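Visitor: I would like to ask how the labels on a model like this are justified. Please show it first.

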Amino acid sequence: MTVPVSSPEPQGADQAPEDLCGGRLTIDRDAIAANWAYLGGRLTAGTECAATIKADAYGTGAAGTAKRLAEAGCKTFFVALPAEGVEVRKVLPDAVIYILGGLFPGCAETYASANLRPMIGSAPELAEWSAFCKAHGQALETGLHVDTGMNRLGFRPDEFSSLLRDRDLTGPITASLLITHLACGSDPDHPANRRQLEIFRGATDPFKHIPRSMANSAGVFLGPEYHFDLARPGISLYGGKAIDTQPNPMRPVAMIEARVMQVRTVPSGETVGYGCTETAKERPRRVAMVAAGYADGLHRRASSSDERPGGFAWASGHRLPLIGRISMDMLALDITNTPEGLIERGSFVEMLGPNVAASDLAAYAETIDYEYLTGLGRRYHRRYQALPDADPAAHAAVLA
């Protein structure tokens with residue numbers, strides 16, 4: 001299999017014109033590169049900063065994002081699936097690309113021809129990859145995954161030690177990286193962090209000649225003990241919050257602006273949207289109907305009701321609360337407290353971006369910002385350019 005080299009995705013030729021879309025999605029790849037540089041600056045001297053670009057680079061477009069990170073100096077990339085690795089290889093012919101999902105059965109030829117390194121975490125994978133390497137007379141470079149307590153993928157520590165000493169299996173391969181994954185890194189005080197660190201050290205110290213990696217985004221912030229030889233941040237590259245208990249220092253990289261379809265008045269005592277879940281209490285409400293919904297990655301669980309507040313949007317210095325349920329293609333915003341004429345048919349409101357953090361929306365939706373970023377909708381008109389600065393009033397509103 002020959003992997004062609006091509007340019008990243010076009011910025012507009014393959015999508016509908018902006019005036020025919022319900023909203024626009026702006027992605028700032030320079031901000032992604034700046035976040036990568038910031039994270040690299042926090043690492044121990046000598047620790048390489050790689051980049052995790054799985055799930056279409058968290059919704060930002062894997063090809064273009066990978067290319068921009070490579071321009072910034074990133075040399076090593078992590079994806080989840082071999083199909084993702086093949087696509088990234090098209091734009092980065094010389095990068096190191098690891099497949100976190102390991103070796104898929106019967107796919108060794110594809111991995112080898114695209115120069116992809118499986119992150120092997122089981123005896124069957126290791127046996128298949130070793131047999132392939134032996135048959136082709138190549139000691140192909142390979143990552144090995146140690147399970148230190150998360151119980152998803154990876155060798156158990158005792159299994160790892162015995163397998164790595166089995167020359168029949170390891171002789172045909174070149175182990176280029178040993179990794180584990182933090183289960184509770186977002187909580188710096190969780191005892192699992194220290195426990196996993198000790199298990200990882202115990203299992204891998206005998207093999208210090210092989211580079212090691214433990215730090216995801218959260219691990220970068222946990223400190224030097226977790227840095228080892230290579231860090232592989234993901235969510236922080238894309239502006240997400242890695243540590244639950246600390247302010248988020250990362251720059252936002254994506255902004256969703258949705259189009260107002262109609263402004264209407266809801267009489268006092270009447271309800272808005274499916275299920276009649278929220279009532280215009282005490283006075284009429286001015287409501288903006290916006291052309292974005294859960295089909296566009298705006299989670300239904302962030303809806304508002306008479307029992308609980310929901311998410312919000314932002315426009316021209318004003319926080320706009322959701323009112324009623326988010327439906328598939330639209331949602332309602334309460335604009336009663338904004339000046340007449342500020343928001344009208346055809347206006348755009350910010351649903352996510354510098355003034356509406358994904359972590360804030362995630363709190364209302366009882367999820368995590370990862371889910372918002374990886375679910376960035378495909379119906380938006382996409383643009384790749386710098387984001388505007390945050391409105392100071394938005395920061396004041398969060399503090400209030």
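Guide: Ala-57 lies in helix α2, residues 54-59; helices are DSSP runs of H or I with at least four residues, strands are runs of E with at least two, and both are numbered from the N terminus. This is a predicted model, in which local features need pLDDT of at least 70, side-chain atom pairs count only at pLDDT 80 or more, and totals for chains, interfaces and linings use all residues. Residues are numbered from 1 along each chain as its sequence is written, and side-chain values use heavy atoms, with hydrogens and water left out.

Visitor: Why does Ala-57 count as buried or exposed?

Guide: Buried means under 20% relative accessible area, exposed means over 50%, and partly exposed is in between (1.4 Å probe, protein chains only). Ala-57 has 0% relative accessibility, so it counts as buried.

Visitor: What is the sign of phi in Ala-57?

Guide: Phi of Ala-57 is near 50°, a positive value in a residue other than glycine. Most residues other than glycine have a negative phi. Cys-276 also has a positive phi, of about 50°, and is not a glycine.

Visitor: What makes Cys-276 buried or exposed?

Guide: Its relative accessible area is 52%, therefore Cys-276 is exposed. Cys-276 is found in the loop between β12 (271-272) and β13 (278-279).

Visitor: Which residues does UniProt list for "binding site"?

Guide: The unreviewed UniProt entry lists Arg-152 and Met-328. They span 177 residues in sequence and the farthest two C-alpha atoms are 33.0 Å apart, so they do not all gather at one spot. UniProt positions are given in the numbering used here, feature names are shortened, and annotations may be inferred rather than shown by experiment.

Visitor: Why is Arg-152 called buried or exposed?

Guide: Arg-152 has a relative accessible area of 60%, so it is exposed. Its place is in the loop between β7 (141-145) and α7 (157-164).

Visitor: What makes Met-328 partly exposed?

Guide: Met-328 has 42% relative accessibility, so it counts as partly exposed. Met-328 sits in the loop between β16 (318-321) and β17 (331-334).

Visitor: With which residues is Met-328 in contact, leaving aside its neighbours within four places in sequence?

Guide: Contact means heavy atoms within 4.5 Å. With those neighbours left aside, Met-328 is in contact with Gly-293, Tyr-294, Ala-295, Asp-296 and Arg-379.
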